[in-house]
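Open the model in your viewer with the backbone drawn as a cartoon. The stops below go from one selection to the next.

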Amino acid sequence: MRIPLILASLLLASCSYLEAPVLSPYKMDIRQGNYITPEMREKLKPGMSKSQARYVMGTAMVSDVFHNNRWDYVYTLERRGEVIERQHMTLYFDGDTLVRVEEGGKTIAELTVVVPPVAEAEQAKPDISAGILQRVERWAAAWSSKNAGDYLASYIPDYAPQGMSRAAWEKQRLARIGKPNVIEVGLSEMRVSVQDELNATATFVQSYRSDVYRDVVEKTLRLVKQGDTWLIADEHAGKAAAAK
């Protein structure tokens, strides 16, 4: 009588095993690419330079060395093997200027250039402003690329801040440019005021970021024209804004 009892017990155990739930392996969420936040969309504006756009958006995930005027930012979120969120934003540049932004295949922002009619006597002023903007952009680009020679050459030969000699200032700037591994300088809200053919000021918001320090300040540069080149004669940093 004991043998049938043992067989019955084994059959019950077998049934319980077969009916037990099968546990599937845990799958982590997989995030790939550049996540685009509402804050990034708000800050990105046509007319920005490439360094400014990179400061806002970061480095594009998809880039083509043969078509450097197009940057693609792609992001996907995969959960349990299924893509549940996808973003795709494309930035188009004309030279160094952001001219169009597309998202999901649709244009969401585009640079519109409106040239108001001006009298003949005023025709030269836009050319002066353009030269000053180009000079300031080259100064920021030299700083971002850690090109100390071009950075220092952006200033007048006898430039020295109050209380410092030219040699002491150069030594300080070389140390500050050389210490970080990476530097990114972005300029926005640029305004140029031309006093005359030889004197002007440029005011803008400067966003500085490196692997050791970051800040956002309002800055004013006083520039003078020496020969055919606009050079920085003085600079002043205003109140600091919250670092982004």
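Two strands are taken as paired if DSSP finds at least two bridges between them. The model is a predicted one.

**Stop 1: the five-stranded sheet**

Begin with the open sheet, in which five strands follow the order 1-2-3-4-5 with antiparallel pairing. Select residues 30-33 and 106-110, which are strand 1 and strand 5; each of these edge strands has a single partner, so one side of each is left without a neighbour in the sheet. Neighbouring strands here are turned against each other by 15° on average, direction ignored.

**Stop 2: strands 2 and 3, with helix 3**

Next select residues 70-79 and 82-94. These are strand 2 and strand 3, an antiparallel pair held over 10 bridges. Strands of a sheet pair through backbone hydrogen bonds. To follow the register, show Trp-71 and its bridge partner in strand 3, Leu-91. Then show Glu-78, which stands opposite Val-83 of strand 3.

Where does the backbone take a positive phi in the hairpin of strand 2 and strand 3? Click on Arg-80: phi is near 55° there, in a hairpin that has two residues between the strands.

Now add residues 50-57. This is helix 3, which packs on the sheet and touches both strand 2 and strand 3. The direction of helix 3 makes about 165° with that of strand 3.

**Stop 3: on to strand 4**

Keep strand 3 and add residues 97-103, strand 4. The two pair in the antiparallel sense over six bridges. At Asp-94, look across to the bridge partner in strand 4, Thr-97. The hairpin of strand 3 and strand 4 also has two residues between its strands, and Gly-95 takes a positive phi near 70° in it.

**Stop 4: a salt bridge in helix 2**

A search of the whole structure finds seven salt bridges. For one of them, select Lys-43 and Glu-39, where the closest N and O atoms are 3.5 Å apart. Both residues belong to helix 2 (residues 38-43); they are four residues apart, and therefore separated by about one helical turn. Side chains of opposite charge can pair when their charged atoms come close.

**Stop 5: strands 6, 7 and 8**

Move to residues 183-194, strand 6. Strand 6 pairs with strand 7 in the antiparallel sense over 10 bridges, and the hairpin they form has four residues between them. Leu-187 is a useful marker: Gln-206 of strand 7 stands opposite.

From strand 7, continue into strand 8. The two run antiparallel and are joined by 11 bridges, with a hairpin of three residues leading from one to the other. Show Phe-204 and, opposite in strand 8, Lys-219.

**Stop 6: the second largest pocket**

Leave Lys-219 on display and add Trp-143, Tyr-151, Arg-173 and Arg-176. These five lie nearest the centre of the second largest pocket, whose lining has 24 residues. The space in this pocket is about 500 Å³.

Which helix gives the most to the lining? Select residues 166-178: helix 6 contributes six residues. Strand 7 (199-210), strand 8 (214-226) and strand 9 (229-241) each supply at least two, as does helix 6.

Finally, colour the lining by residue class. There are 14 nonpolar, four polar and six charged residues.

Note on methods
Residues are numbered from 1 along each chain as its sequence is written. This is a predicted model: local features need pLDDT of at least 70, side-chain atom pairs count only at pLDDT 80 or more; totals for chains, interfaces and linings use all residues. Side-chain values use heavy atoms; hydrogens and water are left out. Axes are lines fitted to C-alpha atoms, for helices over the stretch in contact, and angles run from 0 to 180 degrees between N-to-C directions. Contact means heavy atoms within 4.5 Å. On a 1 Å grid over the protein atoms alone, a cavity is a set of points where a 1.4 Å probe fits but cannot get out, and a pocket is an open set with protein on both sides within 12 Å along at least five of seven lines; lining residues have an atom within 4 Å of a point. Grid points are joined across faces, edges and corners, and a volume is the space filled by probe spheres set on the points. Ala, Val, Leu, Ile, Met, Phe, Trp, Tyr, Cys and Pro count as nonpolar, Asp, Glu, Lys and Arg as charged, and the others, Gly among them, as polar. A salt bridge is a side-chain nitrogen of Lys or Arg within 4 Å of a carboxyl oxygen of Asp or Glu.
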